[in-house]
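Here are my notes on the model you asked about. Keep the viewer open while you go through them.

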Amino acid sequence: MEKKPHFVRREFPPREASSVSLAVLLAAVLLLNAFLYLFLNKFYISSGRAETDPGLCPFGHFKWGTVKNCSPWLSCEAINREVRKLKCVGEGAVKKVFLSEWKENKVVLSQLTNSELKEDFLHGLKMLKALQSKHVVRLLGYCEQQFTILTEYHPLGSLRGLNETLHIPKYKGMNTWHRRLMLAIDYVSIIRYLHSSPLGTLVMCDSNDLDKVLSQYLLTSDFHILVNDLDALPLVNRSAGRLVKCGHRELQGDFVAPEQRWPYGEEVPFEDDLMPPYDEKTDIWKIPDVSNFFLGHVEGSDIVRLHLFDIHAACKKKDPAERPSAQEVLDTYRKVLTLLIREAAMPGTREML
């Protein structure tokens, strides 16, 4: 009688199966980390957040849109001949802003409105010329004699309209914790850039309340942030013992840093000469409040706030010397973004490992 072949089903021992699963999981984690590296590298560099950009033109020139060649900043004569005002779109204490047209392109023409503030206007122009980078609105030309500045136009306007923009159907897909945190990273990147600028440590003084801060920055069409108003950027020089004061009036409210408030109580009338100066750590104090605005109240924003709690608490230290630097805040923001993207991509990874 012929024996039938005997088939035996082989089963992996539990330990071997567990090892295979772990290896697959580790491979997935490695692939995810590689993806995150490529994504964040693209975000920090290609998206225009890098400090240096090989595409930038030499000083005194600009490059715009798809044009490959750099052009010199427009002169008084060119501005008067080629730029056409369309309508007034804003007015502040120093200048009036006009939506204008140049060679069928929308541009922004800013003109001094108060001759008593011409020094502020010229200081802003000086900063704009010296700080041209991926963090600063693009300068297209200027005319000192006529107190006129020509800059690139960004249709989404200042950050004051961020929430309204995010409710427009076209941009609703941007209204996520991830995109909002990236805007906060842009903001802190700009503060870091100003604190370590080519001119030295600069303090953003036009920042006495949240609305004023938001008005100083523009939202680009690809949802990044540029600093636009540089009229009030005093220089801190510790080695020379030079600190700053943001204006000559008394500042009040919790938004400004403690060292910016009158320290001698209500019984002593405010005197500018008696007001102690301070340094760039006033900008650090304001970061949590500005970031809280960016994060909004979308799904996941409270989780982001929880991860940022410690660094924000450090920003709110009463002693300026105990607050972190803008670089330290930026590093923390980036780590939180990386962590949360990883957890969103592979929920439960930590428990499985």
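1. Start with strand 5 and strand 7: they run antiparallel and are joined by 5 bridges. To find your bearings in this predicted model, pick Val108, whose bridge partner in strand 7 is Thr151. Strands of a sheet pair through backbone hydrogen bonds, either parallel or antiparallel.

2. Strand 5 also pairs with strand 4. Here residues 95-102 (strand 4) and residues 105-112 (strand 5) are matched in the antiparallel sense over 8 bridges. Two pairs are handy as markers: Lys95 stands opposite Leu112 in strand 5, and Trp102 has Asn105 of strand 5 as its bridge partner.

3. What links strand 4 to strand 5? The two form a hairpin with 2 residues between them. One to click on is Lys103, in the loop between strand 4 and strand 5. Its phi is near 50°, a positive value in a residue other than glycine. Is Lys103 buried or exposed? Its relative accessible area is 57%, and the cut-off for exposed is over 50%, so Lys103 counts as exposed.

4. Now go to the other neighbour of strand 4. Strand 3 and strand 4 run antiparallel, with 7 bridges joining them, and they too make a hairpin, this time with 3 residues between the strands. Cys88 is a good place to look, as it stands opposite Phe98 in strand 4.

5. Put these pairings together and you get the whole sheet. Its 5 strands come in the order 3-4-5-7-6, the sheet is open, and the pairing is antiparallel. Why do strand 3 and strand 6 each have one side without a neighbour in the sheet? Strand 3 (83-91) and strand 6 (139-143) stand at the edges and have a single partner strand each, so one side of each is left free of a neighbour there. From one strand to the next, the twist averages 25°.

6. Helix 3 (residues 118-130) packs on this sheet and touches strand 4, strand 5, strand 6 and strand 7 (148-152). The direction of helix 3 makes about 40° with that of strand 7. If you look at side chains while you are here, remember that in a regular strand they alternate between the two faces of the sheet.

7. Away from the sheet, have a look at Ser197, in the loop between helix 5 (177-195) and strand 8 (201-202). With a relative accessible area of 8%, under the 20% cut-off, Ser197 counts as buried. What does its side chain have for polar company? A polar atom of the Ser197 side chain lies 2.7 Å from the backbone oxygen of Gly200. Not counting residues up to four places away in sequence, Ser197 touches Leu131 and Leu202.

8. Phe223 makes a good counterpart to Lys103. Phe223 is not a glycine either, yet has a positive phi of about 60°. You'll find Phe223 in the loop between strand 9 (217-219) and strand 10 (225-227). Unlike Lys103, which is exposed, Phe223 is buried, with a relative accessible area of 1%.

9. Val304 sits in helix 8 (residues 301-307) and is buried, at a relative accessible area of 0%. Which residues is Val304 in contact with, leaving aside neighbours within four places in sequence? They are Trp177, Leu181, Leu295 and Leu340. Between the C-alpha atoms of Val304 and Asn292, 12 residues apart along the chain, the separation is 9.9 Å.

10. For the overall picture, the protein has 11 helices and 11 strands. Of its 353 residues, 44% are buried. Take the contacts between residues at least 6 apart in sequence: 64% of them join residues at least 24 apart. The accessible surface comes to about 20,000 Å², and carbon and sulfur atoms account for 55% of that.

11. Last, a word on confidence. The average pLDDT of the protein is 87, and 82% of the residues score at least 70. Residues 44-50 are a stretch to treat with care: pLDDT stays under 50 there, and the model has 18 contacts for these residues beyond four places in sequence. Where pLDDT is low, the predicted coordinates should not be read in detail.

Methods:
Residues numbered from 1 in each chain as written. Predicted model: local features only at pLDDT ≥ 70, side-chain atom pairs only at ≥ 80, totals over all residues. Heavy atoms only, no water. pLDDT = per-residue confidence, 0-100. Contact = heavy atoms within 4.5 Å. Pairing = 2+ DSSP bridges. Helix = DSSP H or I, 4+ residues; strand = E, 2+ residues; numbered from the N terminus. Axes fitted to C-alpha atoms, helices over the stretch in contact; angles between N-to-C directions. Buried < 20%, exposed > 50% of the residue type's maximum accessible area, 1.4 Å probe, protein only. Polar contact = N/O pair within 3.5 Å; in protein donor to acceptor, adjacent residues only side chain to side chain. Areas by Shrake-Rupley, 256 points an atom, 1.4 Å probe, with all protein chains shown as cover.
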